[in-house]
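Colleague: I would like a close look at one part of this model, the aromatic residues and the strands and helices around them. Please take me through it in one go.

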Amino acid sequence: MAKESRPRNTDRRDAAKKGPASPEAGKEKHSRDGQSRDGQSRDRHSRDGRSKELKDRPELMEKVLYVNRCSKTTKGGRKMSFSALILVGDGKGHVGYGFAKANELTDAIRKGGELARKNLKTIVMEGTTIPHDVWVKQDGALLYMRPAPQGTGVIAGSKVRAILEFAGIKDVMAKSFGSSNAVNQVRAAFEALLSLVPRSKVLQAREAG
C-alpha cells in the first residue's frame, strides 16, 4: 500500500531560519499597547471629569424651546433626524441655550442640554429689570427690549419670555419683529441681554467724557 503523504511543517522551519524575535520589536509592541491603554484611560478620565463638572453645577431649570424633525429620502427608505433647542437657567442672572442635532430625539435633547450648561452667560440686571433700552438685529429677527417698573411682569413672546424668566428678569417689556424663526429669536434675545451695560459704568463714561 502507498504511504499517505503528510504536509510538511514549514512554518516552524521558516521561523527557525529567521531566528528568535528581536527584543526591540517586543518593546515596540508593548509601548504601542501601553500608549493605547494610556490614551483610553485619559479619555475615560476626561469624560468622567466633564460629567462631574456638569453634575456639580447648582440646580438648573431646563426647558425644550423648539424641536424640529427632518426627513431624508434615501435608497433604503426615509432617514429621520431631529434637532432640539434647549434653554437652561437658574433664575438668578445665569442663562444659556444649546442647539443640537441627532438621529434620536432623546439624544438631541441631551446634547442640547449639555451645550446649554457649558454656555451659561451672566446677565446684567438693575433690580428686577434691565438697565436700559436695547435694539438688536440677528439675521432676520429684530428685537426691542425696554425696562419696566416693578410689578409690570414679563411682557414678551413665548420664546423670549422663557429666556427672560430663566434669567431672573421679572419686569421687562419686549417686542419681536421680522423673522419668527425660533433659533434667530433666541440668538437675538441673548445678544440683547449680553449687550446690557450697568448704569454706573454709563455714568462714569459720561463724567470722564
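Modeller: Trp-135, Tyr-144 and Phe-177 make up one aromatic cluster. Keep in mind that this is a predicted model. To place the cluster, take the strands next. An open sheet of four strands has the order β5-β6-β8-β7, with mixed pairing. Its edges are β5 (134-138) and β7 (154-155); each has a single partner strand, so one side of each has no neighbour in the sheet. Strand β6 covers residues 141-147 and strand β8 residues 172-178, and the two pair in the antiparallel sense over seven bridges. Within that pairing, Phe-177 in β8 has Leu-142 standing opposite.

The aromatic pairs come to three in the count. One of them is formed by Tyr-97 and Phe-190, whose ring centres are 4.8 Å apart and whose planes meet at 50 degrees; the pair is therefore tilted, since only planes over 60 degrees apart count as edge-to-face and those under 30 as stacked. Because Tyr-97 belongs to strand β3 and Phe-190 to helix α5, this pair ties together parts that lie 93 residues apart in sequence. The two residues can also be described by their accessibility. Tyr-97 is partly exposed, at a relative accessible area of 23%. Phe-190 has 4% relative accessibility and counts as buried, because the cut-off for buried is under 20%.

Strand β3 leads to another sheet. Four strands form this open sheet in the order β1-β2-β3-β4, and the pairing is antiparallel. Here β1 (61-74) and β4 (121-122) are the edge strands, each with a single partner, so each has one side without a neighbour in the sheet. Strand β3, residues 94-102, pairs with β4 in the antiparallel sense over two bridges. In that pairing, Val-95 has Lys-121 of β4 as its bridge partner.

Two helices lie across strands of this sheet. Helix α5, residues 182-194, carries Phe-190 and lies across β1, β2, β3 and β4, running at about 155 degrees to β3. Helix α4, residues 158-167, lies across β1, β2 (77-89) and β3, and runs at about 140 degrees to β1.

To put the aromatic parts side by side: Trp-135, Tyr-144 and Phe-177 share one cluster, while Tyr-97 of strand β3 and Phe-190 of helix α5 form a pair.

How values were computed: Residues numbered from 1 in each chain as written. Predicted model: local features only at pLDDT ≥ 70, side-chain atom pairs only at ≥ 80, totals over all residues. Heavy atoms only, no water. Pairing = 2+ DSSP bridges. Contact = heavy atoms within 4.5 Å. Axes fitted to C-alpha atoms, helices over the stretch in contact; angles between N-to-C directions. Phe/Tyr/Trp six-rings, centres within 6.5 Å; stacked < 30°, edge-to-face > 60°. Buried < 20%, exposed > 50% of the residue type's maximum accessible area, 1.4 Å probe, protein only.
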